[in-house]
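Here are two short exercises on sheets and the helices that lie across them. Keep the model open while you work through the steps.

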Amino acid sequence: MDIDALRNAHPEHWMKAACIRTLTLDAVAAANSGHSGAPMGMADVATVLFEKHLKFDASAPNWPDRDRFILSAGHGSMLVYSLLYLTGDAQITLEEVKNFRQLGARTAGHPENFLADGIETTTGPLGQGISNAVGFAIAEESQRAHWGKKVVDHYTYCIAGDGCLMEGVSQEAIALAGHLKLSRLIVMWDNNDITIDGKVSLSDSTDQVERFKASGWNVLQCDGHDPEAIDAALTEAKKSDRPTMIACKTHIALGHAAQDTSKGHGALTDADQLDAAKKAYGWTSPAFTIPADLKSDWEAIGSRGEQDRKDWEVRLGALSERKPADLGVFSAEDRKGRFIHYGIREHGMAAAMNGMALHGGSKPYSGTFMCFTDYARPAMRLSALMKVAPVYVMTHDSIGLGEDGPTHQPVEHLALLRATPNTLVFRPADAVETAEAWEIALSQTSKPSILALSRQGLPTVRKEHKGKNLTEQGAYVLADAEGKRQAILLATGSEVSIAMEAKALLEAEGIGTRVVSMPSMELFAAQDEKYRKRVLPGGPVRVAVEAAVRQGWDQWLLGERGREAKAGFVGMDSFGASAPAEELYEKFGITAKAVAEKVKSLL
């Protein structure tokens, strides 16, 4: 690669891009950790994008009608941090760049959206960013159809690497975007032929250009180090009526001794090699120092969209209120619909929901069988980590789904989901608790909600009207003991009615029994000690009943004034089986009689 020829062909552009490359080298070297190669390789593409195409105002990073820039290859995070600092973002200062990957810094190892407003989404798990980008593009299309181009008119740009395209979720996302003809989505593929293992050919022989074409995309190719070619490709991409993938042929770690090698993927910290790379760039400034004229040029790029933003604010103020349309199907032909046919793409669906939530202006929710949260879980985990609030409505939540058998019957899933930080898991007992859970889920702004719903019909257990949302307390006394309280039954979902039947059996034998419905462990844990003690006082035997594994229940059976000698669980300790639901409950001993016997054995 003739670095001198590149530098001399477009000297002004070259030095702007060199700002990104040198900041990356300095930050990674200072941290002795990170990934240098991707930012160095894609610096030219990013510079052209920000200077000539991206609609944004660095002083207003939350401007709703800004273009979105998503770095799916999140390991190259210094690309984002360099761009934010250079364009004048108030939160990503030079000090933050110097503290790259250090405790408490906004410049985390991988971009985290909640650390700085200019970071659109949290990437790192490869494939998530490009899948989020599909959700961003869906949100833009939908909102433009509802409110018009005067207030919603922007693009979603995404940089993705080979690793992103190898992850299976990328195909779910790519296929959906092509099917929906999301023409405001432009993906720039960092086509450098290198992964952490070495040449891409060691592990993959996919023709990515043909893959995207087969998925309904417009595909362009360009030299990723020629600013004129990059500009022309981006200009052409915006004319398409389909999403566009631009294959940008680049050199990882451009200008460094590790260029075009797997070593270039990681942390380039050798001082002599760093100095040699800077010399090749024609860079003479000290570490972390951007010459004033270059910083001024970059800040001008950052302020270029200020007038556009102000004009937009005037248009927004003049917008008349509109009543939201009736629910229709969102498609390539109708952008006003609000229902999306995702097909069999649980992971892509959840990742797109994250993109919609991050975009703003939408409250995404979707559903599938509870068991297939396994397919969606990487994106669901990121919902929690990113502090966004989609709603996952997961049905067929136990062996109660019946004949489909153990491949479809969730057993361990509630425990897995409840173990996820910053997540609300609801398992309502009837239509009343479901409505209450839905109300709570819709009100969330910084955590996802999961509604675990049964397949089988259930009786109504809440028969007295309450003005208060009892589910909001996490757990509450559904029915108290008729005599001296000797036992407390705790249950969720479809097993609450079983607990009520067990209570009747026990009361008939003179054993006073309280039934506690616990639709949300997380919300109950958040209640004050006084309330929790009122619901779960010390003394009585405690038995929990749930058609799932025991993990997670000991907090309420043994803690909160409970004792191991007086605590029991009725539920699952194995996978399910294929049979009608009522037979399965008998087979696995989740019955009112079994619950009553468990209580009596502990008295």
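Two strands pair if DSSP finds at least two bridges between them. Helices (H or I, at least four residues) and strands (E, at least two) are DSSP runs, numbered from the N terminus. This is a predicted model, in which local features need pLDDT of at least 70, side-chain atom pairs count only at pLDDT 80 or more, and totals for chains, interfaces and linings use all residues. Residues are numbered from 1 along each chain as its sequence is written, and side-chain values use heavy atoms, with hydrogens and water left out.

**Exercise 1.** Work out the order of the open sheet of four strands, then place helix 18 on it.

Step 1. The order is 10-11-13-12, with parallel pairing. At the edges sit strand 10 (365-369) and strand 12 (424-426), each paired on one side only.

Step 2. Strand 12 joins strand 13 (residues 449-452) through three parallel bridges; here V425 stands opposite I450.

Step 3. Helix 18 (residues 431-443) lies across strands 10, 11, 12 and 13, at about 165° to strand 13. Axes are lines fitted to C-alpha atoms, for helices over the stretch in contact (heavy atoms within 4.5 Å); angles run from 0 to 180 degrees between N-to-C directions.

**Exercise 2.** Now do likewise for the open sheet of five strands and helix 11.

Step 1. Read the order as 1-2-3-7-6, with parallel pairing. Its edge strands are strand 1 (68-71) and strand 6 (218-223).

Step 2. Strand 6 runs parallel to strand 7 (residues 244-249), joined by six bridges, and L220 has I246 as its bridge partner.

Step 3. Helix 11 (residues 227-237) lies across strands 2, 3, 6 and 7, running at about 170° to strand 6.
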